[in-house]
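Here are my notes on this one, in numbered points. Have the coordinates open as you read.

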Amino acid sequence: MTITCVINNKEKNIEAPPMKRLLDVLREDLHLTGAKEGCGEGECGACAVLINGDLVNSCLVPVLQAEGAEITTIEGLAIDERLHPIQQCFLEEGGAQCGICTPGMVLATHHLLDKYAQPTLLQIQEGLNGNLCRCTGYMRIFNAVKQASLVGAAE
Amino acid sequence: MRSNVSQYELIAPNSLDAVLQILADSPDHYTPIAGGTELMVALGAGRLQPKKFVSLWNLEELRFIEVASDAIIIGAGSTFTDIRKHPVIADEFSILAQAASWTGSIANQNRGTLGGNIVNASPAADSPPALLAYAADVTLVSTRGARTLPYRDFHLAYKETELEPDELLHSITISRNLKGYKTYIRKVGPRYAQAISKVAIAAIARMKNGHIENIRIGAASLREFPARLTATEKSLIGKTVSAETIAAARAAVLAEARPIDDIRSTAKYRATVAANLLEEFLRTL
């Protein structure tokens, strides 16, 4: 079956079984390995991507349901090989260690700052509540999100 | 073991009528799939039994929230994010908005639907206690027509519902006639987001001249399906909130609850905490 969607601003025609997980299509068919498989059951957020601007766990999306959608993965966030301001803030604030959760954290931050340009700590915690990190203890991640909001990374 | 995805069929008709026709005509049963936050977990774990699916995701006939003068009608395909964002729900149906806010994470709320939460029929589901407390009605549709019944009659047994194989849950209707009601909802679990509750209680009540005029209590994880605590409600109607009333209500909860021991908690803990939650609400009346 052919599924057509826009991934990181490029139209793609994907040949895949309709129930194939979007995560597997991204990683195996399109070689976009930024989205990670952590739990594979929608608990950890390592596979998070944006579909039509909404944060979703790509491990829970059958690719047929992405027909016609606009998808942004972590690979589509950096602009012209330069880090996105959110990524830069994660780097500077030590918000990333092993890196497995980082693509999802960064996209969850993007989604959060779209909703609340200046989020409170509580809003940051809620915005990232579906993204698990085993390294940082979260404080540095919260600091990175705060910093991103201060530099106006929402745009 | 991961499932072999090529074994599964998934179709995505572009109208509700087309979906209903397929459900009515197909000799092999198609299982509806909306946001996938339940079924895709089973797929990933290699334990998804049905092989044929029909997608309901984003069907506009199911994804709507309509505000009438006396009621709000929520399409079954509305996501938890849709529910949280809706100003009338936030304003008038705060315990439903609250339940939506702790259903999974933000990413899951962007995909999970109210209808899916109901038809999946988990005893621990987050939105049913609030819907039970609000005395919501559910409307089911098929090519044979539509029928509406009280949500409290929808669940028949563990994971068994009123839905016939050719029927879909279309919408949930809640009366806006809630003047003077106090409301309560509390979920007890390891954490609010991303954790299945050990037990949850939602309730609304109205006082008249110092007496409980009306009270409705919805519970998760106290029965094999989400259920009203009707015997407990009866024990409270017409009473003042005294130490005696509270003791009797606690006893009624313990008598009426039939929780189980499982990986998340014990029956004893669930029943005791349910009584504590109800007491917490009663003390605010």
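1. One definition before anything else, as the packing in the next point leans on it: two residues are in contact if their C-beta atoms, placed from the backbone, lie within 7 Å. Keep in mind too that this is a predicted model.

2. I'd start with helix 5 of chain B, residues 94-101. Helix 5 is mostly covered, with six of its eight residues buried. The buried ones are B:Ile95, B:Leu96, B:Ala97, B:Gln98, B:Ala99 and B:Ala100. And what do the buried residues of helix 5 of chain B pack against? Four helices of chain B show up on the list, namely helix 3 (80-85), helix 4 (87-92), helix 6 and helix 8 (128-133), along with strand 11 (182-188) and strand 12 (199-208).

3. Stepping back to chain B as a whole, its secondary structure comes to 11 helices and 14 strands. The C-alpha trace spans about 60 × 45 × 30 Å along its principal axes. Does the radius of gyration of chain B agree or disagree with that of a compact globule? It agrees, because a compact globule of 285 residues would come out near 19 Å, and chain B has 19 Å. Buried residues make up 48% of the chain. Of the contacts in chain B with a separation of 6 or more, 61% are between residues 24 or more positions apart.

4. Now the interface. On the chain B side 24 residues are in contact with 25 residues of chain A. Helix 2 (39-44) of chain B gives the largest share of the side that touches chain A, four residues. Strand 3 (52-55) and helix 6 (106-109) of chain B are also on that side, each supplying at least two residues. By class, the chain B side has 13 nonpolar, 10 polar and one charged residues. Note that helix 6 of chain B turns up twice in these notes: it supplies residues to the side that touches chain A, and the buried residues of helix 5 pack against it.

5. Over to chain A, where the domain assignment gives domain 1 (2-76) and domain 2 (85-150). Their C-alpha centres lie 21 Å apart. Between them, 14 residues of domain 1 are in contact with 13 residues of domain 2. Which element gives the most to the domain 1 side? That would be strand 3 of chain A, with three residues. The residues on the domain 1 side divide into nine nonpolar, four polar and one charged.

6. Chain A also has an open sheet of five strands in the order 2-1-5-3-4, with mixed pairing. The edge strands are strand 2 (10-15) and strand 4 (54-57), each pairing on one side only. From one strand to the next, the twist averages 40°. Helix 3 (residues 102-115) of chain A packs on this sheet and touches strand 3 and strand 4, its direction making about 35° with that of strand 3.

7. Last, a closer look at the hairpin in that sheet. Strand 3 (residues 48-51) and strand 4 of chain A run antiparallel and are joined by four bridges. A:Val49 has A:Val56 as its bridge partner, while A:Ile51 stands opposite A:Asp54. Two residues lie between the strands, and A:Asn52 takes a positive phi near 50° in this hairpin. So which spot on chain A would I revisit? Strand 3, which pairs with strand 4 in this hairpin, is touched by helix 3 and gives three residues to the domain 1 side that touches domain 2.

Methods. Residues are numbered from 1 along each chain as its sequence is written. Chains are lettered from A and ligands numbered from 1 in the order in which they are written. This is a predicted model: local features need pLDDT of at least 70, side-chain atom pairs count only at pLDDT 80 or more; totals for chains, interfaces and linings use all residues. Two strands pair if DSSP finds at least two bridges between them. Axes are lines fitted to C-alpha atoms, for helices over the stretch in contact, and angles run from 0 to 180 degrees between N-to-C directions. Domain bounds come from an automatic or database domain assignment. Ala, Val, Leu, Ile, Met, Phe, Trp, Tyr, Cys and Pro count as nonpolar, Asp, Glu, Lys and Arg as charged, and the others, Gly among them, as polar. The radius of gyration is taken over C-alpha atoms; the globule rule is 2.2 Å times the number of residues to the power 0.38. A residue is buried if 20 or more other C-beta atoms lie within 10 Å of its own, exposed if 12 or fewer, and partly exposed in between; C-beta atoms are placed from the backbone.
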